[in-house]
Amino acid sequence: MKKILFITAFLWSSLGTVLSESLPEDSLRTVPSEFSDTIAPRLQWPENVTARLDSLMNEPLLKKTQLGLLVYDLTADSAIYKQGERQTLRPASTMKLITAITAIDKLGGGYQFRTSLYYTGLIDRNILRGNLYCVGGMDPRFNNDDMRAFAESLQKMGIDTICGRLIADTSMKDDTRLGEGWCWDDDNPSLTPLLIGKKDMFMERFRQELNDLGIVVIDNEEAIANNKTKNRPLIHLCSRFHSLDQVLMRMLKESDNLYAESVLYQIAASGGVKNASATHARQWINKLVTRIGLTPGDYKFADGSGLSLYNYVSAELMVSLLRYAYHNQNIYGHLYPALPIAGVDGTLEKRMKGAFTNGNVRAKTGTLTGISSLAGYCTAANGHQLAFAIINQGVLRNASGRTFQDKVCTALCEP
């Protein structure tokens, strides 16, 4: 009987939303009187949500920590709840959302990461008299199969001897190997344009792959000089590609830091910039911030992953970018599928398994010492699409922040 009454009350709630333009405002705030004996009066959207969130503001956690919170109704195009939304706080890994949205906006959803092999010189029967150039594109997905394809491209040309050098071209980015503001004792990724299995051992593995196929490398500078090959143009042998969608999927679902930094440097190097730096990427992030109506100088962007302690953003900025992505299908169509799904996969697989949040909340998590954050999308009980950002700063136990965030999302999703 209770189940029937609950469903009936929910239908009345939905009907109230539909008829909102023709009914007096007061009539939308409670359920019909005939249910008042068995079901407590229910506030209508968004008053019911704001009442729940108001009650969460009394949580003991918030008496000794900082909170940045903004909930935005994308369907109605209006903010429905704010608390410290303009405070500049460290985002932790929700910084990856800023990186992802900027990348899709700047590079396009069809963008591909590219690693290429070139040669110079002459091929004399089965001997290459010249150099091999491995040109890095900072592809974090370059793997053993890709390396084998590099080596086999020489084998297919009948080459079994290389009189020359194997040269690593890492000119895509600058020579920094750590991000600004990274802690020395973290498990930091190495920021090199030539990667194999996410590791900085590309040339060593390439030489081994050639050896496994019986291709001998003779590092003979004199032979190269005698054949006058130094100034010859580069000739393409092989390229391997991975899509931005493939990279975003792991970057966001699994919160992979190397993948995020690789995306940041794609932004930095766009337009043909050589020896690109994080500063080049920040210029594009700042342009996007300006475009959405905020002031770049109010924030600090240090890296692409959120590992840096120098990042400072606000819940308002995060939600503004999520709103921008939502209204741009070219961005949203690539961003939304890559976000972790509550109770289903990624970093939210074990969180929010309740009836109203499971499979509903799609959001990026963030965790650093003292920081716990969550930002993304969900659907409210009345069918409205919401964007939200929650940053808890100063938390001694990250689990406390996660528990609070889960309560917020439940408050947003339940009827």
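**Figure 1. Salt bridges around Asp256.** The structure holds 15 salt bridges, and the model in which they are found is a predicted one. Side chains of opposite charge can pair when their charged atoms come close. In one of these pairs, the side chains of Asp256 and Lys198 meet with a nitrogen-to-oxygen distance of 2.6 Å. Asp256 sits in the loop between α7 (244-253) and α8 (257-269), while Lys198 belongs to the loop between β8 (166-169) and α5 (202-212), so this salt bridge ties together parts that are 58 residues apart in sequence. Asp256 has a relative accessible area of 7% and is therefore buried, because buried means under 20% relative accessible area. Lys198, with a relative accessible area of 33%, is partly exposed. Asp256 also takes part in a salt bridge with Arg250, where the distance from N to O is 2.8 Å, and Arg250 counts as partly exposed at 35% relative accessibility.

**Figure 2. The salt bridge between Lys253 and Asp345, and a network of charged residues.** The closest N and O atoms of Lys253 and Asp345 are 2.9 Å apart, and the two residues form a salt bridge. Lys253 lies in helix α7, whereas Asp345 is placed in the loop between α11 (329-335) and β11 (362-368), so the pair ties together parts that are 92 residues apart in sequence. Both Lys253 and Asp345 are buried. Elsewhere in the list of charged pairs, Glu180, Arg282 and Lys300 are joined into one network by salt bridges that share partners.

**Figure 3. Two cysteines in a structure without disulfides.** The number of disulfides in the structure is 0. Cys134 counts as buried, its relative accessibility being 0%, and Cys238 counts as buried as well, at 11% relative accessibility.

**Figure 4. The packing of helices α7 and α8.** Two packed helices are described by the angle between their axes and the distance between the axes. For α7 and α8, the angle is about 140° and the axes are 8 Å apart, which makes α7 oblique to α8. The crossing in which α7 passes α8 is left-handed. On the side of α7, the contact is made by Leu244, Val247, Arg250 and Met251, and on the side of α8 by Tyr259, Ala260 and Val263. Arg250 thus appears in this contact as well as in the salt bridge with Asp256.

**Figure 5. The packing of helices α4 and α5.** Helix α4 (residues 144-155) and α5 have axes that come within 9 Å and cross at roughly 50°, and the two helices are therefore oblique to each other. Here α4 passes α5 in a right-handed crossing. The residues of α4 that take part are Asn144, Met147, Arg148, Phe150, Ala151 and Leu154, and they meet Phe202, Arg205, Phe206, Glu209 and Leu210 in α5.

**Figure 6. The surroundings of Met318 in helix α10.** Met318 lies in helix α10, which covers residues 315-326, and at 3% relative accessibility Met318 counts as buried. Computed along the chain, Met318 and Pro91 are 227 residues apart in sequence, yet their C-alpha atoms are 9.1 Å apart in space. When neighbours within four places in sequence are left aside, Met318 is in contact with Thr94, Leu97, Ile98, Val313, Ala375 and Ala389.

**Figure 7. The surroundings of Ala411 in helix α12.** Ala411 is found in helix α12, made up of residues 398-413, and Ala411 is buried, with a relative accessible area of 5%. Although Ala411 and Arg52 are 359 residues apart in sequence, the distance between them in space is 6.0 Å from C-alpha to C-alpha. Apart from neighbours within four places in sequence, the residues in contact with Ala411 are Val49, Arg52, Leu53 and Leu56.

**Figure 8. The whole protein, as a setting for the close-up views.** The secondary structure comes to 12 helices and 13 strands. The protein has 415 residues, of which 53% count as buried. Among contacts between residues at least 6 apart in sequence, 70% join residues that are at least 24 apart.

Terms used. Residues numbered from 1 in each chain as written. Predicted model: local features only at pLDDT ≥ 70, side-chain atom pairs only at ≥ 80, totals over all residues. Heavy atoms only, no water. Salt bridge = Lys/Arg side-chain N within 4 Å of Asp/Glu carboxyl O. Helix = DSSP H or I, 4+ residues; strand = E, 2+ residues; numbered from the N terminus. Buried < 20%, exposed > 50% of the residue type's maximum accessible area, 1.4 Å probe, protein only. Disulfide = S-S within 2.5 Å. Axes fitted to C-alpha atoms, helices over the stretch in contact; angles between N-to-C directions. Parallel < 35°, antiparallel > 145°, perpendicular 65-115°, else oblique. Left-handed = near helix turned anticlockwise from the far one by under 90°. Contact = heavy atoms within 4.5 Å.
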